[in-house]
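Open the model in your viewer and keep the selection panel handy. We will go from one stop to the next, and at each one I will say what to pick and what is there.

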Amino acid sequence: MAASPNAIFHVKGKEEVQFDRKNVVVACDVVNGKITYVDVSSQLMGILFAGDEILNVNGEGVGFVQHSCRNFEFQNIKTTADFIKAISAKLPGKVTIEFMRDDHCLVSEKILPPRRPNTQMTELTLTYRGGAATGIIIHRMACDPKTVTIAMVQSASNACHYVKDGDVLVKVNDIYVLDRDSARKLLYASVNNTKTVRLTLERSTTTDPLGPAPPPPEGVQTTPIPSGAKKTGSSLMLPLPKPAQGKANKQFDVLLPPDVLEIMKTNKDFYKKMCKNPPCIIKTSNPTPSVAATLPSDAPPEVRIPYIQSPKPLKMTPKRVGS
């Protein structure tokens, strides 16, 4: 019997995870052998995803029962408790988890030569089982609207292993991208019509984020230029922002708008004028005498809250631009 076309999207996988402690935060919900939820606190976050079917843990979890002279396979790991028990049985140590995953998306990768230092270029061919839902969200770069970047990738998709947040979207099906809306239309049209799309991505090889993308080569096919941008030679020029009018305030990075300056000028002497509103504190003829506050002589015992140290190393939060 020929295999179903959808069978190629069900991929058997295996992950080996090393745990150095007996207590592990599993934080996964398992129903009928399938993971239905992975909490952000789970130490299996990014390793297992919702929809994964657990086949075995450390080679155990699948058994056989004989009935009418025939052997039938059954799955021992059916519930959350079964999954936690199977993982905890070998701790501390290495845990091997085998699973069956419905990727919904198959990816083939081709490495391309980089076009600028400290970057890498890759061409991905994504084949989807169905149309419409790609699991990829793109957006404009804040400092350069003609540079389109990957804003978010669905974590339960196979594409998340190849497409990363912050990647620059260079081309969609060999068409250079200069506008987010046009790139979005190309992406969805290709997936809906052919269930496949080819993306060329650029990624930083260091911790520094990528800057604006260089202009595409002359004579290549590109998406329409963003509204208001002008093409000069081999580069694009966006209209310069209009400078704010008024006097500069050294305490701020930008000039205050004219209307704000006018309001401040009109009300600069507000504190010199008598307020006509009624007072919020009402004085009475027989005020209640004040009583000094008292504190208990013995402070309650301090209770320490137990916590589990994260196995991931701490990373310094990058400095925000403009801060």
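Select Thr-149 to begin: with a relative accessibility of 13%, Thr-149 counts as buried (buried means under 20% relative accessible area, exposed over 50%, and partly exposed in between, using a 1.4 Å probe and protein chains only). Thr-149 sits in strand β11, residues 144-153 (helices, H or I of at least four residues, and strands, E of at least two, are DSSP runs numbered from the N terminus). Now show what surrounds Thr-149: setting aside neighbours within four places in sequence, Thr-149 is in contact with Ile-137, Ile-138, His-139, Met-141, Asp-167, Val-168 and Leu-169 (contact means heavy atoms within 4.5 Å).

A word on what you are viewing: this is a predicted model, in which local features need pLDDT of at least 70 and side-chain atom pairs count only at pLDDT 80 or more, while totals for chains, interfaces and linings use all residues. Residues are numbered from 1 along each chain as its sequence is written, and side-chain values use heavy atoms, with hydrogens and water left out.

**The whole protein**

Zoom out and colour by secondary structure: the protein has three helices and 16 strands. Of its 323 residues, 29% are buried. Among contacts with a separation of 6 or more, 60% are between residues 24 or more positions apart. The protein exposes about 23,200 Å², and carbon and sulfur atoms supply 57% of that area (accessible areas come from the Shrake-Rupley method with a 1.4 Å probe; for residues, only the protein chains shown count as cover).

**The β8 and β9 hairpin**

Next, select residues 105-112 and 119-128. These are strands β8 and β9, which run antiparallel and are joined by eight bridges (two strands pair if DSSP finds at least two bridges between them). Which residue in β9 is the bridge partner of Ser-108? Label Thr-125 to see that partner. Six residues lie between the two strands, and in this hairpin Asn-118 takes a positive phi near 60°.

**Salt bridges from the hairpin loop**

Stay here and add Arg-115, Arg-116 and Glu-202 as sticks. Arg-115 forms a salt bridge with Glu-202, with the closest N and O atoms 2.9 Å apart (a salt bridge is a side-chain nitrogen of Lys or Arg within 4 Å of a carboxyl oxygen of Asp or Glu). This pair links distant parts of the chain, since Arg-115 is in the loop between β8 and β9 and Glu-202 is in strand β14 (residues 196-204), 87 residues apart. Is Glu-202 buried or exposed? Glu-202 has 0% relative accessibility and therefore counts as buried, whereas Arg-115, at 29%, counts as partly exposed.

Glu-202 also forms a salt bridge with Arg-116, the closest N and O atoms being 2.8 Å apart. Here too distant parts of the chain are linked, with Glu-202 in β14 and Arg-116 in the loop between β8 and β9, 86 residues apart.

Slide along β14 to Arg-198, whose side chain meets that of Asp-174 in a salt bridge (2.6 Å, N to O). Asp-174 is in the loop between β12 (168-172) and β13 (175-176), 24 residues from Arg-198 in strand β14. Arg-198 is partly exposed, with a relative accessible area of 26%. Looking back at the earlier trio, salt bridges that share partners join Arg-115, Arg-116 and Glu-202 into one network. A search of the whole structure finds ten salt bridges.

**Positive phi values**

Keep Asp-174 selected: its phi is near 70°, a positive value in a residue other than glycine. Asp-174 is partly exposed, with a relative accessible area of 42%. Then jump to Asn-32, in the loop between β2 and β3 (34-38). Phi of Asn-32 is near 55°, also positive in a residue other than glycine, and Asn-32 is exposed, with a relative accessible area of 62%.

**Helix α1**

Select residues 80-88, helix α1, and highlight its buried residues: Phe-83, Ala-86 and Ile-87. Seen down the axis of α1, they fall within an arc of 95°, so they line one face of the helix (the arc is that of the directions from the helix axis to the C-beta atoms). Show β2 (28-31), β4 (53-57) and β7 (93-102), against which the buried residues of α1 pack. On the other side of α1, Ala-81 and Lys-85 are exposed.

**Cysteines**

For the last stop, select Cys-28 and Cys-143. Cys-28 is buried, with a relative accessible area of 2%, while Cys-143, at 60%, counts as exposed. How many disulfides does a search of the whole structure find? The search finds zero (a disulfide is a pair of cysteine sulfur atoms within 2.5 Å).
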